[in-house]
Amino acid sequence: MRIVIAGGHGQIALRLERLLAARGDEAVGIIRNPEQGGDLRSAGAEPVVLDLESASVEEVAEVLRGADAAVFAAGAGPNSGTARKDTVDRGAAVLFADAAERAGVRRYIVVSSMGADPDHPGDEVFDVYLRAKGAADAYVRSRTALDWTILRPGMLTDDAGKGQVLLAASTGRGTVPRDDVAAALLELLDTPATAGLTLELISGHVPLSVAMKDVAGN
């Protein structure tokens, strides 16, 4: 498979790129900073330098053409202000979805956030972030030309992945290693029957492959 990942230098994206490369798939990571290209190559991915805050739909679609799936894993980051929550966490996700449609890439996976809601109350930066992610998710859900799945992990940790998870429409609060989020994205890419689902993910007691089959209904 050829998988194009927005936010290719993110911690989850780099883990996913390593997993894809290890099994012989082609991972393409979109990055804004060309200095990050070496990290992607080390992960086995092809870096493409493109700023999703200023790129056109056609420029992004050109990168996506011929891909088997698109994964939106970009984010403004914890130290960014409220303006970039809108331009990246919402705006770039909308752009990437539009570009996937234009390029004819149906499979579209979003790394969202637990609690994302376009109507989330509050004025703190994290509140703005949850509204931006919620608005992006709502937009993606409206795109009938996309076979979308939205993954909402709990609080992320750098603990080693255990492959034991709770994956459901609603899990309640909890933590999850980034390793397991990347592994879940890989499983989603292999499980097209999860299209149309919004799923929460935290650590649990069910092997990831079993949990994925359960939510996919097989």
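Arg-143 is partly exposed in this predicted model, because its relative accessible area of 24% lies between the 20% limit for buried and the 50% limit for exposed. The residue sits in the loop that links α5 (125-141) to β6 (147-153). Beyond this loop, the points below cover an open sheet of 9 strands, the central pairing of strand β4 with β1 and with β5, and the packing of helix α6 with α7 and with α1.

**Surroundings of Arg-143**

- With neighbours within four places in sequence set aside, Arg-143 is in contact with Asp-98, Glu-101 and Trp-148.
- One of these partners, Glu-101, is 42 residues away from Arg-143 in sequence, while the C-alpha atoms of the two are 8.5 Å apart in space.

**The sheet**

- The 9 strands form an open sheet with mixed pairing, in the order β3-β2-β1-β4-β5-β6-β10-β8-β11.
- Its edge strands are β3 (45-49) and β11 (206-207), each of which pairs on one side only.
- Helix α5 packs on the sheet and touches β4, β5, β6 and β10 (197-203). The direction of α5 makes about 155° with that of β6.
- Helix α1 lies across β1, β2 (26-31), β3, β4 and β5. Relative to β1, α1 runs at about 170°.

**Strand β4 and its partners**

- Strand β4 spans residues 69-72 and is covered on both faces. Ala-69 and Val-71 are buried on one side, and Ala-70 and Phe-72 are buried on the other.
- In the order of the sheet, β4 stands between β1 and β5.
- Strand β1 (residues 2-6) runs parallel to β4 and is joined to it by 4 bridges. Across this pairing, Ile-3 stands opposite Ala-69 of β4.
- Strand β5 (residues 107-111) also runs parallel to β4, with 3 bridges between the two.
- On the β5 side, Val-71 stands opposite Ile-109, and Phe-72 has Val-110 as its bridge partner.

**Helix α6 against α1**

- The axes of helix α1 (residues 11-22) and α6 come within 8 Å and cross at roughly 55°.
- The two helices are therefore oblique to each other, since that angle falls between the limits of 35 degrees for roughly parallel and 65 degrees for roughly perpendicular.
- The crossing of α1 and α6 is right-handed.
- From α1, the residues that meet α6 are Gln-11, Ile-12, Arg-15, Leu-16, Leu-19 and Leu-20. Facing them in α6 are Arg-178, Asp-179, Val-181, Ala-182, Ala-183, Leu-185, Leu-186 and Leu-189.
- Sorted by class, this contact holds 10 nonpolar, 1 polar and 3 charged residues.

**Helix α6 against α7**

- Helix α6 (residues 178-189) packs with helix α7 (residues 208-216) at an angle of about 45°, and their axes are 10 Å apart.
- These helices too are therefore oblique to each other, and their crossing is right-handed.
- On the α6 side, the contact is made by Asp-180, Ala-183, Ala-184, Glu-187 and Leu-188. On the α7 side, Leu-208, Ser-209 and Met-212 take part.
- By class, the contact of α6 with α7 comprises 5 nonpolar, 1 polar and 2 charged residues.
- Ala-183 of α6 takes part in both packings, in contact with α1 and with α7.

Definitions and conventions. Residues are numbered from 1 along each chain as its sequence is written. This is a predicted model: local features need pLDDT of at least 70, side-chain atom pairs count only at pLDDT 80 or more; totals for chains, interfaces and linings use all residues. Side-chain values use heavy atoms; hydrogens and water are left out. Buried means under 20% relative accessible area, exposed over 50%, partly exposed in between (1.4 Å probe, protein chains only). Two strands pair if DSSP finds at least two bridges between them. Contact means heavy atoms within 4.5 Å. Axes are lines fitted to C-alpha atoms, for helices over the stretch in contact, and angles run from 0 to 180 degrees between N-to-C directions. Angles under 35 degrees count as roughly parallel, over 145 as roughly antiparallel, 65 to 115 as roughly perpendicular and the rest as oblique. A crossing is left-handed if the near helix is turned anticlockwise from the far one by less than a right angle, and right-handed if clockwise. Ala, Val, Leu, Ile, Met, Phe, Trp, Tyr, Cys and Pro count as nonpolar, Asp, Glu, Lys and Arg as charged, and the others, Gly among them, as polar.
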